[in-house]
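Here's a walk through this model, one neighbourhood at a time. Keep the structure open and turn it as you read.

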Amino acid sequence: CTVTEVSAGTITCVAPAHDAKEPKFVVVSASTGTSLRDEAATFAYSARIDSVTPSSGSIGGGSAITIVGEGFSDFRPDLNVYVGGYGCKVKSCNQTVVVCSTRPSNTSAAQV
């Protein structure tokens, strides 16, 4: 990862995109040596959703939903979006925007 800050006992860095399904183990390499892999020293990717538009659509499916936020993947197979428990087919994605198409539903309201 790209180191952004170093202080006593802490190294902060920006990690590249990876498969979000598996935890990442932290190993530090320096000119003085390499740390041991510590099963407790891990990090996980997280995403933040800022907005979802539109706020309604047809229960027949086919509505395009745009999700804006941070921490998404550029790789479609990494993303799973559900609206009311039904998969929403990802049409396009990047680190900040995901566009998906809803599937038919038998409910009148659903949570993303």
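Start at S92: beyond the residues up to four places away in sequence, it touches V97, V98 and V99. Bear in mind that this is a predicted model. S92 sits in strand β10, and with a relative accessibility of 35% it counts as partly exposed, because buried would need under 20%. If you look for D74, which is 18 residues away along the chain, you'll find its C-alpha atom 8.4 Å from that of S92.

Now hop over to one of those partners, V98. Its contacts, again leaving out residues up to four places away, take in I65, T66, I67, F72, L79, V81, V90, S92 and C93. Several of those names come back in the largest nonpolar core, an eleven-residue group made of I65, I67, F72, L79, V81, V83, C88, V90, C93, V98 and C100. Four strands each put in two or more residues: β8 (64–70), β9 (81–83), β10 (86–93) and β11 (97–101). Of these, β10 gives the largest share, three residues. As a rule, nonpolar side chains in soluble globular proteins tend to be buried together. C93, one of the core members, has a relative accessibility of 17%, so it falls under the 20% cut-off and counts as buried.

Which two cysteines form a disulfide here? The pair is C88 and C100, with their sulfur atoms 2.1 Å apart. C88 belongs to strand β10 and C100 to strand β11, so to speak of sequence, the link joins distant parts of the chain, twelve residues apart. The angle about the S-S bond is 85°, making this a right-handed link. Both C88 and C100 are buried, and the structure holds just this one disulfide.

Next, step back to see how the strands are laid out. Five of them form an open sheet in the order β7-β8-β11-β10-β9, paired antiparallel. The edges are taken by β7 (48–53) and β9; each has a single partner strand, so one side of each has no neighbour in the sheet. From one strand to the next, the twist averages 35°.

Let's go across that sheet from the β7 end. β7 and β8 run antiparallel to each other and are paired over five bridges. Along this pairing, I49 stands opposite G69 in β8, while S51 stands opposite V68 in β8. After β7, have a look at the peptide bond between T53 and P54: it is cis, with omega about -5°. Most peptide bonds are trans. P54 itself lies in the loop between β7 and β8.

β8 is worth a look from both sides. Its covered face carries I65, I67 and G69, and its uncovered face carries A64, T66, V68 and E70. That fits the general pattern, in which side chains of a regular strand alternate between the two faces of the sheet. Two residues of the covered face, I65 and I67, are also members of the core.

On its other side, β8 meets β11, once more antiparallel and over five bridges. Here A64 stands opposite S101 in β11. Is S101 buried or exposed? It is buried, because its relative accessible area is 16%, which is under the 20% cut-off. Leaving out neighbours within four places in sequence, S101 is in contact with G62, S63, C88, K89 and K91. Among these is C88, the disulfide partner of C100.

Finally, zoom out to the protein as a whole. There are eleven strands and zero helices, so the pattern along the sequence is simply one β after another: β-β-β-β-β-β-β-β-β-β-β. The chain has 112 residues, and 17% of them count as buried. Take the contacts between residues at least 6 apart in sequence, and 36% of them join residues at least 24 apart. The accessible surface comes to about 7900 Å², with 54% of it belonging to carbon and sulfur atoms.

Key:
Residues numbered from 1 in each chain as written. Predicted model: local features only at pLDDT ≥ 70, side-chain atom pairs only at ≥ 80, totals over all residues. Heavy atoms only, no water. Core = buried A, V, L, I, M, F, W, Y, C linked by side-chain atoms within 4.5 Å. Buried < 20%, exposed > 50% of the residue type's maximum accessible area, 1.4 Å probe, protein only. Contact = heavy atoms within 4.5 Å. Disulfide = S-S within 2.5 Å. Pairing = 2+ DSSP bridges. Axes fitted to C-alpha atoms, helices over the stretch in contact; angles between N-to-C directions. Areas by Shrake-Rupley, 256 points an atom, 1.4 Å probe, with all protein chains shown as cover.
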